[in-house]
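Me: I'd like to go through a structure with you and ask how each label is earned. Can you set the values against the cut-offs as we go?

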Amino acid sequence: MKIFLDTANFESIQKYLELGVVDGITTNPSLLFKENSDPIDAMKKIVKMVDGPVSLEVVATDFDEIMDESLKLASYGDNVVVKIPMTADGLKAVNALTKKNIKTNVTLIFSANQALLASKAGATYVSPFIGRLDDIGHDGLSLISDIVQIFSGYDFSTQVLVASIRHPIHVIESAKLGADVVTLPPEILQKMIHHTLTDKGLDIFLNDWEKLKKGFPNIGF
Ligand code: E4P
């Protein structure tokens with residue numbers, strides 16, 4: 001399963017890229033708004049920072065304007081994936097962009113039918129938002145299960161990119177269900193790194209090493 005980082009924050013992107021666990025980035029207008037810098041410059045910079053797919057979202061809603069924005073976003077780099085909201089005009093644009101060999105990520109997916117249609121239109125990725133479904137009392141993970149089952153049954157090539165992840169259990173369950181990608185806010189990735197028993201165990205090892213050094217003062221690697 002691939003791991004994307006769901007952020008437009010340069011420091012977080014740099015920090016987690018260096019760990020070698022991040023395969024790509026997803027952004028959206030809300031994440032860019034949080035960074036309070038020129039969004040076009042920010043998107044261009046992220047595309048250059050990352051050697052992997054970077055999803056950049058259109059804000060147009062009409063087919064011609066979606067196409068215009070998509071072609072501009074795609075020109076920022078070969079690794080750009082144009083993120084397009086799940087609407088009829090959006091599907092039409094996904095279909096047209098796919099014919100031009102431009103990768104797409106259909107966002108704001110909340111049902112298996114939406115995922116099915118996005119895949120048929122040619123989407124490279126579909127992004128079901130599981131946290132937002134959980135927020136309103138639905139079961140986000142059961143949507144992932146449905147989409148994975150449907151796509152595998154028909155050999156669809158569209159990748160299931162689990163979005164709106166709220167906690168590390170979402171990641172484990174998505175992996176168990178066979179999702180292709182999860183996109184994580186940096187704080188969730190940080191939580192995945194840490195475990196109380198790891199911290200405690202490391203303290204014990206380091207303390208014992210210090211005690212050992214008292215008997216062997218010249219010890220060194
Ligand atoms: C990613 O592609 C989505 O835009 C993002 O995961 C949405 O997350 P949120 O529901 O926490 O805003």
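Reply: Sure, and let's start with a cut-off: buried means under 20% relative accessible area, exposed means over 50%, and partly exposed is what lies in between. Keep in mind that this is a predicted model.

Me: What makes Leu108 partly exposed?

Reply: Leu108 has a relative accessible area of 32%. That value falls between 20% and 50%, so Leu108 is called partly exposed. You'll find Leu108 in strand β5, which covers residues 104–109.

Me: And why is Asn36 called exposed?

Reply: The relative accessible area of Asn36 is 71%. Exposed needs over 50%, so Asn36 gets that label. Asn36 sits in the loop between α2 (29–35) and α3 (39–49).

Me: What is the phi of Asn36, and what is it for Leu108?

Reply: For Asn36, phi is positive, at about 55°, although the residue is not a glycine. Leu108 isn't a glycine either, and its phi is positive too, at about 60°. Those signs catch the eye because most residues other than glycine have a negative phi.

Me: Now the other end of the scale. Why does Gly90 count as buried?

Reply: Gly90 has 1% relative accessibility, and buried means under 20%, so Gly90 counts as buried. Gly90 belongs to helix α5, made of residues 88–99. As for distance, the C-alpha atoms of Gly90 and Lys48 are 26 Å apart, with the two residues 42 apart along the chain.

Me: How do you know whether Ile102 is buried or exposed?

Reply: Check the number again: Ile102 has 15% relative accessibility. Since that is under 20%, Ile102 counts as buried. Ile102 is in a loop, the one between α5 and β5. Its C-alpha atom is 23 Å from that of Ile147, a residue 45 positions away along the chain.

Me: What about Ser127: which label does it get, and why?

Reply: Ser127 has a relative accessible area of 1%, which is under 20%, so Ser127 is buried. Ser127 lies in strand β6, residues 125–128.

Me: What makes the link between the side chains of Ser127 and Asn105 a polar contact?

Reply: The contact is 2.7 Å long. The cut-off for a pair of N or O atoms is 3.5 Å, so 2.7 Å is within it.

Me: Which side chains have an N or O atom 2.6 Å from a ligand oxygen?

Reply: Asp6 has one at that distance, and so does Lys83. Then there's Ser164, with a polar side-chain atom 2.7 Å from an oxygen atom of the ligand. The protein covers 84% of the 350 Å² of accessible area that the ligand has on its own.

Me: Which residues are around the ligand, and how do they divide?

Reply: The residues around the ligand include Asp6, Asn28, Lys83, Phe129, Ala163 and Ser164. The shell divides into two nonpolar, four polar and four charged residues. Phe and Ala count as nonpolar, so Phe129 and Ala163 belong in that group. The space taken by the ligand is the largest pocket.

Me: How many helices and strands are there, and what share of the chain is buried?

Reply: The chain has eleven helices and eight strands. Of its 221 residues, 45% are buried. The C-alpha atoms fill a box of roughly 75 × 40 × 30 Å along the principal axes.

Notes
Residues numbered from 1 in each chain as written. Predicted model: local features only at pLDDT ≥ 70, side-chain atom pairs only at ≥ 80, totals over all residues. Heavy atoms only, no water. Near = heavy atom within 4 Å. Polar contact = N/O pair within 3.5 Å; in protein donor to acceptor, adjacent residues only side chain to side chain. Areas by Shrake-Rupley, 256 points an atom, 1.4 Å probe, with all protein chains shown as cover. 1 Å grid on protein atoms, 1.4 Å probe; cavity = no way out; pocket = protein on both sides within 12 Å on 5 of 7 lines; lining within 4 Å. Sits in = over half its atoms within 2 Å of the grid points. Helix = DSSP H or I, 4+ residues; strand = E, 2+ residues; numbered from the N terminus. Buried < 20%, exposed > 50% of the residue type's maximum accessible area, 1.4 Å probe, protein only.
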